[in-house]
Amino acid sequence: MMDDRSWIDRRVDNSGFVIDEFKEGVQFFVRFAFSRPRAKSEIKCPCSKCKCRKWGNPKVVSVHLCKHGFMNNYYTWYVHGETSSNTVRNFEGESSNIEFVRNEVDALYHEMVVDAMGAQSEYNEGPMVEEPNSKAREFYDLLHAAEVHIGAGGQDVIVLSWMAEMLNMKTLYNMSAANWEMALSLSRKLLSLKDQEKVPKDSYNAKKMINVLGLRYKKIEICVNDCFLYYDEQSKNLTACPVCGESCYEPRNMAAIRQKNVPRKSLWYMPITPRLQRLYMSKKTAEHMTWHLKCCEDADEVIHPAGSEAWKHFDETHPTFAEEPRNVRLGLCTDGFNPFGCSATPYSCWHVFLTVYNLPPELCMKSEHIFLAMIIAGPKNPRKNIDVMLRPLIDELKELWTNGVETYDSFRQHNFIMKAALL
């Protein structure tokens, strides 16, 4: 029952009655979910109707699951504290098969590392043909740091998890650097001298440790009419749009002595280069990145863009790019949505996604390989001016096309210059 989740897809029999195996599975799930330390009187209901958006007590959740079934592909109960489908923690006292994590909080922060990597966290630890470049080595060191444990308060604590929680506490409670470092200093005194060497001494080293994850973004101010982007060094000093003359900032309160300029509209840009590099830092994913070479050779129908005439024409037009099969081919899509649901006031927020076409069909359309590159705030649709908003992405793609970036291939164990093209 714990390992085999196939019962989730077998809810009713031919007569429409809920089968006993499914009822037993629901009871097991409810016991598991309410045994978590963070669970109180209610949990998020994972039925196909609520989809973890609503809360319920054990009886309500059980009835909903028997009536509607589980939401699609919820074989790993990650919302309710499970880390993976084969590492369920036995809440009745039996031994459990936990590979990386020691407790639920550590699991969340270890998953943060894997999410930042964007792929499997497997990497080479033995002798290498060529040493990774500095950026790759920094990230591998961080993965090792996710496995470094210290004894704090009689418990086994992961250093990376502890530092991430401490920095999160600093942000939540708006602590000054001096206050936070004093709390860190008091916490370090509880450790042995050997463990103190594993923990950063101040906020600078703590942030340096976390920053290697690469979870960064750029907030860029844009004209309220979407006609100009305050992007480069020269335009950052402007206070009004040179195209339409609209002010970049909200009107200031003249009574306030100290008031920061508040931009009227912004976009958030997430660089894609580090995430593309990390596809090659995983040994499993790096092997799949050249799958397009052997696909669709004898297929009667096109099942992947690599088998299309457009792909072949691109290779013929740009033979230098095609010579290196590890160069990345990307697809772009964008659409608008209302983050506030069906509200009375219309609001259009746009996001831009990039898909990696090097990967086989069963991988390239998975969420971990679809990169969110940009979020354009509303309330208006950018329409024909969306090309203005895409300038940061275009500049990065031009750099990847022209010069490329040094990347470590963990499958072949050597560095190469990775380039990218938008198809």
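This section describes the overall make-up of a predicted model, followed by its charged pairs, a charged surface patch and several individual residues.

The protein contains 15 helices and 13 strands. Of its 423 residues, 40% count as buried, and the accessible surface comes to about 24200 Å², with 52% of that area belonging to carbon and sulfur atoms. When contacts between residues at least 6 apart in sequence are considered, 57% of them join residues at least 24 apart.

Side chains of opposite charge can pair when their charged atoms come close. A search of the whole structure for such pairs finds eight salt bridges. One of them is formed by Lys 265 and Asp 226, whose closest N and O atoms are 2.6 Å apart. This pair links distant parts of the chain, since Lys 265 lies in the loop between strand S6 (229–230) and strand S7 (266–269), whereas Asp 226 lies in the loop between strand S5 (218–222) and S6, with 39 residues of separation. Both partners, Lys 265 and Asp 226, are buried. For Asp 226 the assignment follows from a relative accessible area of 4%, which is under the 20% limit for a buried residue. The backbone of Asp 226 also deserves mention, for its phi is near 65 degrees, a positive value in a residue other than glycine. Most residues other than glycine have a negative phi.

A further salt bridge is formed between Arg 264 and Glu 246, the closest N and O atoms of this pair being 2.9 Å apart. Arg 264 and Glu 246 are 18 residues apart, and both are placed in the loop between S6 and S7, the pair again linking distant parts of the chain. Arg 264 counts as partly exposed because its relative accessibility is 32%, and Glu 246 falls into the partly exposed class because its value is 31%.

A salt bridge within a helix is provided by Asp 395 and Arg 391, whose side chains meet with an N to O distance of 3.7 Å. Both residues belong to helix H15 (residues 391–402), where a spacing of four residues corresponds to about one turn of the helix. With a relative accessibility of 29%, Asp 395 counts as partly exposed, and Arg 391, with a relative accessible area of 35%, is likewise partly exposed. Elsewhere, Glu 324, Arg 326, Asp 409 and Arg 412 are joined into one network by salt bridges that share partners.

Charge is also gathered on the surface, where Lys 49, Lys 51, Arg 53, Lys 54 and Lys 67 make up a patch of positive charge. Among these residues, Lys 49 is located in the loop between strand S1 (43–44) and strand S2 (55–56). Lys 49 is classed as exposed because its relative accessible area is 56%, which is over the 50% limit.

A positive phi is found as well at Gln 413, where the angle is about 60 degrees although the residue is not a glycine. Gln 413 occupies the loop between strand S11 (405–409) and strand S12 (414–418), and its relative accessibility of 17% places Gln 413 among the buried residues.

Two further residues illustrate how positions separated in sequence are arranged in space. Leu 332 is part of strand S8 and, at 34% relative accessibility, counts as partly exposed. Leaving aside residues up to four places away in sequence, Leu 332 touches Val 352, Phe 353, Leu 354, Leu 393 and Leu 422. Of these partners, Leu 422 is 90 residues away from Leu 332 along the chain, yet the C-alpha atoms of the two are separated by 7.3 Å. Pro 346, in turn, is situated in the loop between strand S8 (328–337) and strand S9 (349–356). Pro 346 is exposed, its relative accessible area being 64%, and its C-alpha atom lies 9.4 Å from that of Gly 378, a residue 32 positions apart from Pro 346 in sequence.

Terms used
Residues are numbered from 1 along each chain as its sequence is written. This is a predicted model: local features need pLDDT of at least 70, side-chain atom pairs count only at pLDDT 80 or more; totals for chains, interfaces and linings use all residues. Side-chain values use heavy atoms; hydrogens and water are left out. A salt bridge is a side-chain nitrogen of Lys or Arg within 4 Å of a carboxyl oxygen of Asp or Glu. Helices (H or I, at least four residues) and strands (E, at least two) are DSSP runs, numbered from the N terminus. Buried means under 20% relative accessible area, exposed over 50%, partly exposed in between (1.4 Å probe, protein chains only). Patches are made of residues with over 30% relative accessible area and no salt bridge: like charges are joined within 9 Å, nonpolar side chains (Val, Leu, Ile, Met, Phe, Trp, Tyr) within 5 Å. Accessible areas come from the Shrake-Rupley method with a 1.4 Å probe; for residues, only the protein chains shown count as cover. Lys and Arg count as positive and Asp and Glu as negative; His and the chain ends are not counted. The place of a charge is taken as NZ of Lys, CZ of Arg, CG of Asp or CD of Glu. Contact means heavy atoms within 4.5 Å.
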